[in-house]
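Hello,

Here is the structure I said I would pass on. Please look it over first, then read my notes below.

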Amino acid sequence: MESLRIIENWPVDHAAAAVVRADGTVAGTHGDTGRRFALASVTKPLAAYAALVAVEEGAIELDEPAGPEGSTVRHLLAHASGLAFDEARTMAAPGTRRLYSNAGFDALGDHIAKATDIPFAEYLRQAVLEPLGMASTDLPGSPAKDGVSTVADLALFAAELQRPRLLAAATVAEATTVAFPGLTGVLPGYGHQRPNDWGLGFEIRDGKAPHWTGATSSPRTFGHFGQSGTFLWVDPAAGAACVALTDRAFGPWAIEAWPPLTDAVLTELAQGAA
């Protein structure tokens with residue numbers, strides 16, 4: 001895809017990107033899709049997917065207690081547990097605020113590890129990475145932020161999100177629908193959002209502004225971005241997903257550069273379908 005060449009102009013040392021259609025085919029790639037990048041918070045959708053596998057396997061339940069008092073697995077996945085950003089400290093009652101929390105995903109990983117008697121990184125490998133053929137992806141640390149992967153591997157995950165094989169389609173639909181509607185909160189890097197909508201491990205675009213996706217992205221768009229300069233979005237209205245990984249930390253450059261790429265990709269996809 002010609003639109004992906006835009007990443008050549010990004011102020012980063014290395015970048016790679018791919019677009020994956022809803023049928024799982026790769027519409028285009030640019031850059032070294034085999035290069036491994038730190039994912040930062042793009043780790044969270046992978047961890048969430050493993051959690052949902054655990055739910056479908058019966059190892060855990062979405063509404064069983066997990067995390068601080070009154071919180072459940074669902075609260076942890078939806079950043080609604082009340083836990084602080086990066087420490088196991090309760091800042092609000094569960095279900096009352098959207099507090100983006102790495103600590104919540106760490107608590108989730110610990111909960112699954114105890115329920116399955118398998119270290120979470122190994123559970124992720126068995127439940128998601130191996131079945132999808134994501135051989136270049138691993139989790140050497142926190143399920144909130146320490147994943148390492150390639151564009152080629154995340155393209156496989158993007159295909160799975162659009163045509164699930166590891167989960168029931170209804171489970172993925174629930175995960176990409178707003179959980180605990182109406183909660184306000186801060187979207188890291190983009191300020192306070194009213195509402196700050198999330199599903200189960202996936203951020204949902206809805207009407208958020210400003211936002212890291214494009215001006216032409218549909219409200220149904222879901223995904224995640226990471227502080228290591230990474231993102232993955234799926235736009236069901238466009239019938240496609242996009243992955244972009246870089247080696248420069250998120251900052252003003254990304255706020256400026258990412259939306260034009262997304263809009264260019266969506267335009268090219270629409271023109272190709274016309």
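**Thr43 and its surroundings**

Thr43 is buried, with a relative accessible area of 2%. Please keep in mind that this is a predicted model. Thr43 belongs to helix H1, which covers residues 43-57. A polar atom of the Thr43 side chain lies 2.8 Å from the backbone nitrogen of Gly147. Gly147 is also among the residues that Thr43 touches, leaving out those up to four places away in sequence. The others in that list are Leu139, Ser142, Pro143, Ala144, Lys145 and Asp146.

**The start of the chain**

Met1 sits in the segment before strand S1, and S1 covers 15-21. Is Met1 buried or exposed? Neither: Met1 has 21% relative accessibility, so Met1 counts as partly exposed. The cut-off for buried is under 20%.

Neighbours within four places in sequence aside, Met1 is in contact with Val19, Ala27 and Gly28. Met1 also contacts Val265, Glu268 and Leu269. Lys208 is another matter: Met1 and Lys208 are 27 Å apart, C-alpha to C-alpha. In sequence, 207 residues separate the two.

**Strand S1**

S1 is largely enclosed by the rest of the structure, because six of its seven residues are buried. Which strands does S1 pair with? One partner is S10, residues 240-246. S1 and S10 run antiparallel and are joined by seven bridges. Within this pair, Ala17 of S1 stands opposite Ala244 of S10.

Another partner is S2, residues 26-30. S1 and S2 are also antiparallel, with four bridges between them. Here Val20 has Val26 of S2 as its bridge partner. S1 and S2 form a hairpin, and four residues lie between the two strands. Gly24 is in the turn and has a positive phi of about 95°.

**The whole protein**

The protein has seven helices and 10 strands. Its C-alpha trace spans about 50 × 40 × 35 Å along the principal axes. The radius of gyration is 17 Å. A compact globule of 274 residues would have one near 19 Å, so the protein agrees with that value.

Buried residues make up 56% of the 274. Contacts tell a further part of the story. Of those with a separation of 6 or more, 56% join residues 24 or more positions apart. The accessible surface comes to about 10,800 Å². Carbon and sulfur atoms account for 52% of that surface.

Best wishes

Note on methods:
Residues are numbered from 1 along each chain as its sequence is written. This is a predicted model: local features need pLDDT of at least 70, side-chain atom pairs count only at pLDDT 80 or more; totals for chains, interfaces and linings use all residues. Side-chain values use heavy atoms; hydrogens and water are left out. Buried means under 20% relative accessible area, exposed over 50%, partly exposed in between (1.4 Å probe, protein chains only). A polar contact is a pair of N or O atoms within 3.5 Å; within protein, one must be able to donate a hydrogen and the other to accept it, and residues adjacent in sequence count only if both atoms are side-chain atoms. Contact means heavy atoms within 4.5 Å. Two strands pair if DSSP finds at least two bridges between them. The radius of gyration is taken over C-alpha atoms; the globule rule is 2.2 Å times the number of residues to the power 0.38. Accessible areas come from the Shrake-Rupley method with a 1.4 Å probe; for residues, only the protein chains shown count as cover.
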